[in-house]
Amino acid sequence: MVPISAYLILAAVLFGIGTVGVLISRNVIVMFMSIELMLNAANMVLIAFSRALSIADGHVIVFLVLTVAAAEAAVGLGLIIMIYRNRATINIDRFSLLKW
Amino acid sequence: MAEYLFLVPLLPLIGFLINGLLIGRLPRSVVSAVACGSVGLSLIVAIMLFFDLKALPADARLIEQTLFTWISADILHVNLAFMLDPLSAIMILVVTGVGFLIHVYSVGYMAHDKCFGRYFAYLNLFTFSMLVLVLADNFLLMFVGWEGVGLCSYLLIGFWYEKQSASDAGKKAFIVNRIGDFGFLIGMFIIFWHVGSLDFATVSQNAPMVFAAGGTVITVACLCLFVGATGKSAQIPLYVWLPDAMEGPTPVSALIHAATMVTAGVYMIARTNVLYMMAPDALMVVAIVGAATALFAATIGLAQNDIKRVLAYSTVSQLGYMFLACGVAAFSAGIFHLMTHAFFKALLFLGAGSVIHAMSDKQDMREMGGLKKHLPITFMTMLIATLAISGIPGFSGFFSKDEILWKSFSSSHGHVALWVLGFITAGLTAFYMFRLIYLTFYGEERMDAETKKHIHESPRTMTVPLMILAVLSVIGGLVGMPHIFGATNYFEEWLHPVMAGPPQEAATHALASAGANTSMEWILMFASVALVLMAIYLAWYLYRKNTAAAGSLADKLSGARTTLANKYYVDEFYGAVVIRPLIVFSLFLWKIVDVIIIDGFLNGLASLWHDISNALRHAQSGRVRSYATMFVFGVILVVAYFVLGSN
Amino acid sequence: MEDLFLTIVTFFPLLGAVVLLFVPANQHSTIKGTSLIVAFVTMLFSFWIYNRFDPVASGMQFEVNLPWVQSLGIDYHLGIDGISLLLIVLTTVLTVLCVIAAWHSVTEGVKGFFISMLLLTTGMIGVFVSLDLFLFYVFWEVMLVPMYFLIGVWGGPRRVYAAIKFVLFTMFGSLLMLVALLYVYFEYQAFAGEYTFDLLKIMNMPLAYHPQLWLFGAFALAFAIKVPLFPFHTWLPDAHVQAPTVGSVILAGVLLKMGTYGFLRICMPLFPDATIAYMPYICILAIIAIIYGALVSMVQRDVKSLVAFSSVSHMGFVMLGMFSLNLQGVEGAVLQMINHGISTGALFLIVGMIYERRHTRMIEDFGGLAKVMPVFATFFMIVTLSSIGLPFTNGFVGEFLILLGAFKANTWYGVLASSGVILAACYMLWMYQRVVYGKVTNPKNQNLKDLSARERLVLIPLVVLIFWIGIYPSPFLNRIEPAAKQVLSHVGKASTVQLNESYEIVDVPVLGASSDDAEAALAELEGAGR
Amino acid sequence: MNLDTVIFIVSAVVAVFGATMMIAQRNPVASVLYLILSLVAQAVCYVQLSALFLGAILVVVYAGAIMVLFLFVIMLLNLRGSEDLGQPPKALSRFTKYTIGILMTLELVFIIKGAPLKAMATGLIGKAPDGFGSVEQVARLMFTDYLYPFELTGVLLLIAVVGAVVVAKSRKPGDPEETQTEETAGTNTNEAGS
């Protein structure tokens, strides 16, 4: 029997990796994927607790999160395409128009 | 008649308003008629008032007229009120009388000037201010006149404003006068806060109750007032403006800088004699300053070549005499000399003006000479004035000057040293005045041909005032003959009600030793006459008989001569010690204190914030990743806070 | 009907400004005409008030007291005494003259300019009529905005710097004032159990000695910056030099008076003990301002900054008079506020007139103007003389009373301040000489036109006032006297009650102003009353 | 050590490995593939936690559809991992970022360790109730208690579709790239919709 904390720790590690990915990646797409990874880590926690408490509501929420992730991916990728079209780069450091 | 007192100053004011407001629109004849007419009418009113006053019993000779309340704040209550008493009566007669003559003279003198109207407007304004000064019944109104005449003096000295030296001199006069006024103001404050009033009558009445005789307060108050007097009446150390004031038109010099305005200080001291009598130390200072100025200015007068400057220093010197008289508590003698001086010095200036007029505006005596035959009337009248100022018996100056010398010797406030100073000055005066006469009217004609062609006797409007003044210079002294001549001193008697006179104890002392003093008085009189005659002889010898001797003497004394010609370098001294440092200090305040320190501090504060913000704005790099880093870091901190906080 | 007087005179210019909003921006003459009419009518209203004002009665007149924000105790409380009355009249008169003076000098942004002018007028009058601290604060800040634009938009080359400096200085002060104001507000609630900003009510609240010092300090800083008192004056030369002529006139003529007015209306009645404790320090600063301003004026090269520094000196006189805490001093100070508005206003107008002709204000560019512009020279002379306080001009009466009062407060104050009179003559006459006298050396000055009828129309009323106040100041002094007495009685009355209590409070950490100082000042004050 | 544990350890290691490799890759295509690997490993964990339906969804929608969408975009933009990505970050900033990530993980682990998890189900996962995590159970909840959120999600998706179209649409109508973009956006929506 695997203790619930093991799943939680797995989720935490995945979340941490996702965070590092967002912070160090210079590629917008990889960054985006890191965010997806973080979302999934959160989903893992929801599912683990759902299982531990035997309440299925967590599943519904995860389902909703997945849908939102899909929507986000659609809009986000659309944005990436537009940015690339305008600036011809996916280097996130180039998009520093908001400074000062 | 008393209710028309206000007309005396008002008439010249009306003249000023007409000439001033309609400047440039009136023909010259109207301008001169208005100007002279207003002063003339004022003179007539003054004469009538004088006789009114004379008709009153000696103790009740006082005409007052209050027009309205000028300033009132709490206990301060100042009226615009005029007061005619024997003292101011003499003053208004002198002011309107001499003033009228000079107005008339000016019509001729200024005939060719472009700014005819402006000139007469100023002159009328001056007469008005001077009359306010002498008629004021309180300190503050007197101060109005005091500053008013200062203003007119400023305007008239700088009348030919296109000349740098003229406007400089005007400004200098005004500022030096302001320094004196500063003293006047302080004196006024002290008096007001002790007596609670600024009215002359109240102050005179209450002063003995309020002030301790000889105490510090009254002494300081009197000294402050005296500072005012030194400014206006050109005494050491504030005399420097008067010689420069000769940049103005000559009639102005005659009216303002000889006959009337400069004597305001003497008038003021005489007016406040009650206070001065309570402050013997202050009186002593007045006497010493007066005597010192008399001698000092006379020595400078010896070496001046500009005809007007000689007269200017002579004026300073004669004013010193008047202060000497006041300082030895012989106020009526001071006023007497003021009057006679007004006659003969005005005459001298007008004569000098006539000479300058003839010489096409040249003033250097070294370029004159031999004018006697060209300008007979001018010569005669000026000679009379010279004799008067030198103190030749029979002429007005003799009586007044002699009285001062005698009082400085005999008065309980007097001292032999003061007499000696006055005595020497008398000799010097005679010398430099005759030097002037000899250089100007005798000897060879040293002017250039062009000037020579234009020499002419002045027109009637100028010579008639000269003649009238000459008559006054001769007979003016008769009203104040010394007791030893067996005549009554009408002048002293007339002024007696308003003069505090020497203290009782001194008066009895004077009476007791009267017998012994009579002979002494004769001796001193002869001594001074003898000295004067010797001085005249010396002048004749050096400048007429043996001009070579004058030259060699001048060479021998060249050091002293240069010093004298440069007026002891007092102007330079003031420039180096007061004016330059003040300007440098001001520049320091502006450039260093204001711009660098205060503003620099504030701007520094501003730029400090600017720099801090500038440093901080780099945090806003616009890079998503650095924002994300900070965000995550923040999350860590928040979580850590709760995690650690929960333990 | 009487209730409406103050409201009308305050808000009529605002109404005018609103009307101007609907005038198309390119119809210059309509805009100018409308503003002139509005300003003129406002002036007539203020004359009417002057006429109906009872000079004998003490206390506030034409009072209006309506609740505004009831829950916070903010009232629409207006009222005037003799001090505010004169300042209102001064404001309206100067506004009319300014509108006339700006007739040709403003060419761009005419609409905005005149709207700003009218807004400014409302703000200024509002400050003088408010008896509610909150209302006062609102008007105080409202006035900043149009002035900011006047300097920042229609000013000289460094106008933005000057405008920002002006606003920052003033804002800094008013921020502290706001804090102090709120403190007083809550303190009053603790004292009387109700929230109110009503000045007249708060005036009766006794405050402990120590908080008084802080509160006075906060208010005083706000007002001192506005005056401006010596170390806070550096915004003034910049603002004046850069502001358009009209802006300078209003700034010097009215805005500076707000500071001194604030001292009289708020600081002194509200914090009597602190007033006495601070008196020596403020007097010394005032004297420094007098001498410092005069000395610095002397070496200025720009006529306008010379006049600006002379304002520092003159306002030093006003401060000195107020803080000599006797009737002569305070009356003189109030009169001098008016005088300074007139003379310095006129000086700025005059400088503006030659600036319009020559587009320079440097003294060395002029010389010999008396020859080419005699009328100008005459007006200039009269105003100069008024500025240096020649008797029978307005400056003298004020200065004399101030010096008399200062001399009473402390002999040395009087003596030192009097030296400012000498220095005033130095810098003004020297400047006058260099500008007006001498030969016309600069060929550009050769063909200058003398003053036009419009310009004379602007200056004549001021000259009339100069002589009127100089020769017959009684109507003004009579109106000032009850108000000044009122202020002083507040300082005096409260202090007898309060000072004895404050002996117990031995440590006075703020200034080290011991209660001995205050006691001595009190003794002098009583002496003055006697 | 029973089979469950072995499966968990294997899938956990694979998930972490996949995630790590994803962020370590320079080539985005490789990143996507590693992420898919990680997701599949996670799906195994879901199944272990009796979330059969979600495990399936994760593989089908996420690993299948969304990741393909990523791949499409990468290919569309023709990225090969050789793009200019600017200066590599400085060692210090890299170090800081790793530290922050590790700190974050440690903090979470610390919370998990400190949390009173033993109180529920003794910290161990017992037997799941019957039908737990089945499609039926999830569907029942979704269409009863969570009906409104579910419907709102639908609206959200619609908005996302419209938004993606608008954002990705070329401003210049004549642009040759335009059609392509619209197609991409269309694909987006289709995929997301499924």
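**Exercise 1. The contact between chains D and A**

How many residues of chain D are in contact with how many residues of chain A? Then say which elements of chain D take part.

*Solution.* Start with the ground rules. This is a predicted model: local features need pLDDT of at least 70, side-chain atom pairs count only at pLDDT 80 or more, and totals for chains, interfaces and linings use all residues. Residues are numbered from 1 along each chain as its sequence is written, while chains are lettered from A and ligands numbered from 1 in the order in which they are written.

Step 1. Two residues are in contact if their C-beta atoms, placed from the backbone, lie within 7 Å. By that rule, 83 residues of chain D touch 65 residues of chain A.

Step 2. Sort chain D's side by element. Helices (H or I, at least four residues) and strands (E, at least two) are DSSP runs, numbered from the N terminus. Elements giving two or more residues include H1 (3-24), H4 (91-114) and H7 (177-193) of chain D. The biggest share, 12 residues, comes from H3(D).

Step 3. Sort by residue type. Chain D's side holds 59 nonpolar, 18 polar and 6 charged residues. Here Ala, Val, Leu, Ile, Met, Phe, Trp, Tyr, Cys and Pro count as nonpolar, Asp, Glu, Lys and Arg as charged, and the others, Gly among them, as polar.

**Exercise 2. Cis peptide bonds**

Find where the cis bonds before Pro237(B) and Pro228(C) lie.

*Solution.* Most peptide bonds are trans.

Step 1. In chain B, Ile236(B) and Pro237(B) are joined by a cis bond with omega about 5°. Pro237(B) sits in the loop between H8 (216-232) and H9 (241-244) of chain B.

Step 2. In chain C, the bond from Val227(C) to Pro228(C) is cis, with omega near -10°. Pro228(C) belongs to the loop between H9 (209-226) and H10 (235-242) of chain C.

**Exercise 3. A hairpin and positive phi in chain C**

Describe the pairing of E1(C) with E2(C), then place Phe62(C) and Phe392(C).

*Solution.* Step 1. Two strands pair if DSSP finds at least two bridges between them. E1(C) and E2(C) (residues 74-80) share 6 bridges and run antiparallel. Val64(C) faces Leu78(C) in E2(C). The hairpin has 4 residues between its strands, and Gly73(C) takes a positive phi near 70° there.

Step 2. Most residues other than glycine have a negative phi. Phe62(C), in E1 (residues 61-69), has a positive phi of about 55°. Phe392(C) has phi near 75° and lies in the loop between H16 (374-387) and H17 (394-409) of chain C.

Step 3. Are these residues buried or exposed? A residue is buried if 20 or more other C-beta atoms lie within 10 Å of its own, exposed if 12 or fewer, and partly exposed in between, with C-beta atoms placed from the backbone. Phe62(C) has 22 such neighbours, so Phe62(C) is buried. Phe392(C) has 24, so Phe392(C) is buried.
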